[in-house]
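Colleague: I'm new to this one, so can you walk me through it? I'd like to know what stands behind each label you use.

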Amino acid sequence: MGDAAWMGLALELAENVRLTTSPRPWVGCVIVSPQGEVFKGATDGREGPHAEHVALSAARDKATDATLYTTLEPCAHHGKTPPCVQAIIQAGIKRVVVALLDPDQRVNGQGIRQLRQEGIETSVGVCEEAASKQLRAYLTHRQLGRPFVTLKLAATLDARVALADGTSQWITGPQARADAHWLRAEADAVLVGANTARVDNPSLTVREAVLPQGISLKDIQPQRFVLGKISDGSNLSLADPESGIFPAEELAGDLRKVLAELADRDILSLLVEGGPVTATAFHHAQLVDRYIFYLAPALAGGNQALPLLAGETAAKMSDLWRGEIVDAALLGGDLRLELAPKRPNSPLT
């Protein structure tokens, strides 16, 4: 197997722990001994050893002169665990292959420099694109100082999210709704506007997602936030103490303040499930990194039903917002579309 294949295995290991490590990055590591023996590791939850430490513990003395593959640059600083670089050096690793440099200011190339100073051969950039996509929430947090934002909307084919009487449950079918619960499981936090909180009285919890073995629902519940005031009797008023309510004026003002505060709370990924007003605010502020649309094979008809986005429409063709379709899939009878914005420096472009 070549470097790309071994790194592919490391990426699989990282994917398996993605739901349980945030705000730490989800990292996979593979060690291949000179005799061809393979030892694996992944980030151990939110407090345990880093992926490199786990793999080195499995390899023990077999790590001497071995090659180590890791999806993110090994850390060179003391945090909740000792520096991975020192452990790699002490183990006698001969070569280190890294998918992606860590933009965290405490690392940012220092790990690679220390390894090279010790005479350890290093390669950087193997499967970089795949690692960047897998770690896009972590990279957005470190590089932009805000969470990676996913905007989720369910609508009819004529782009209506609620009918004239205000009802929206359920436009889409059970498979689409289960997929939306998976989006919540992936997110550190979910945010809605106050009107959605009042009208729908959502819980915003993960209830229907099919989780990997060994992970329980209580392990992956997102924090919950509201833009604006809600009543004490709502489901969201029972949110955990780390959650909160942002003033309604933030919606019409600078949403970047909201995202900066969430980033300060170590929230790497945010799922926005608000109605048209909240969705439009994030969209117009160019703060959406990923759009997920669930489109039902249904038509509301007329102008009384609630549109997907609020406010004025584009005046001419040159004003149209255009994104890129990243993925399309059928979920039961509904269509799931994933779009990425076409803008410089987007984590998806």
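Modeller: Let's begin with a term: a salt bridge is a side-chain nitrogen of Lys or Arg within 4 Å of a carboxyl oxygen of Asp or Glu. Keep in mind that this is a predicted model.

Colleague: Good. What makes Glu15 and Arg18 a salt bridge?

Modeller: Their closest N and O atoms are 2.5 Å apart. The cut-off is 4 Å, so the pair qualifies.

Colleague: And are those two residues buried or exposed?

Modeller: Neither word fits. Glu15 has a relative accessible area of 34%, and Arg18 has 22%. Buried means under 20% and exposed over 50%, with partly exposed in between. Both values fall in that middle range, so Glu15 is partly exposed and Arg18 is partly exposed too.

Colleague: How many salt bridges does the structure hold?

Modeller: There are 16. Another one joins the side chains of Arg95 and Asp3, at 2.6 Å from N to O.

Colleague: Why do you say that the pair of Arg95 and Asp3 links distant parts of the chain?

Modeller: Look at where they sit: Arg95 is in strand 4 (residues 95-98), while Asp3 is in helix 1 (residues 3-16). They are 92 residues apart.

Colleague: Why is Arg95 called buried, and what is Asp3 called?

Modeller: Arg95 has a relative accessible area of 16%, which is under 20%, so it counts as buried. Asp3 comes out at 23%, between the 20% and 50% limits, so Asp3 is partly exposed.

Colleague: Which residue does Asp289 meet in a salt bridge?

Modeller: Its partner is Arg146, with 2.8 Å from N to O. Asp289 lies in the loop between helix 12 (276-284) and strand 12 (290-296), and Arg146 in the loop between helix 7 (136-144) and strand 6 (148-156), so this salt bridge ties together parts that are 143 residues apart in sequence. Asp289 and Arg146 are buried. There is also a network: salt bridges with shared partners join Glu15, Arg18, Glu186 and Arg290.

Colleague: You mentioned helix 12. What makes you call helix 12 mostly covered?

Modeller: Seven of its nine residues are buried. Among them are Pro276, Ala281, Phe282 and His283. Just after helix 12, Gln286 takes a positive phi of about 55°.

Colleague: Let's turn to helix packing. Why is helix 3 called roughly parallel to helix 4?

Modeller: Helix 3 and helix 4 pack at an angle of about 25°, with their axes 9 Å apart. Angles under 35 degrees count as roughly parallel, so helix 3 is roughly parallel to helix 4. The crossing of helix 3 and helix 4 is left-handed.

Colleague: Which residues meet there?

Modeller: From helix 3 you have Glu52, His53 and Leu56, and from helix 4 Cys84, Ala87, Ile88 and Ala91. By class, the contact has five nonpolar residues, one polar and one charged.

Colleague: How do you know that His53 is buried?

Modeller: Its relative accessibility is 16%, which is under 20%, so His53 counts as buried. Leaving aside neighbours within four places in sequence, His53 is in contact with Pro82, Pro83, Cys84 and Ala87.

Colleague: And what is the angle between helix 4 and helix 5?

Modeller: The axes of helix 4 (residues 84-91) and helix 5 (residues 110-117) cross at roughly 20° and come within 10 Å. That angle is under 35 degrees, so helix 4 is roughly parallel to helix 5. This crossing is right-handed. Val85, Gln86, Ile88 and Ile89 of helix 4 meet Gly111, Gln114 and Leu115 of helix 5. The residues of this contact divide into four nonpolar, three polar and no charged.

Colleague: One last residue: where is Thr64, and why is Thr64 called partly exposed?

Modeller: Thr64 is in the loop between helix 3 (51-59) and strand 3 (67-70). Its relative accessible area is 41%, between 20% and 50%, so Thr64 is partly exposed. Beyond its neighbours within four places in sequence, Thr64 is in contact with Pro34, Ala91 and Gly92. The C-alpha atoms of Thr64 and Lys94 are separated by 7.1 Å, with the two residues 30 apart along the chain.

Note on methods: Residues numbered from 1 in each chain as written. Predicted model: local features only at pLDDT ≥ 70, side-chain atom pairs only at ≥ 80, totals over all residues. Heavy atoms only, no water. Axes fitted to C-alpha atoms, helices over the stretch in contact; angles between N-to-C directions. Helix = DSSP H or I, 4+ residues; strand = E, 2+ residues; numbered from the N terminus. Parallel < 35°, antiparallel > 145°, perpendicular 65-115°, else oblique. Left-handed = near helix turned anticlockwise from the far one by under 90°. Contact = heavy atoms within 4.5 Å. Nonpolar A, V, L, I, M, F, W, Y, C, P; charged D, E, K, R; others polar. Buried < 20%, exposed > 50% of the residue type's maximum accessible area, 1.4 Å probe, protein only.
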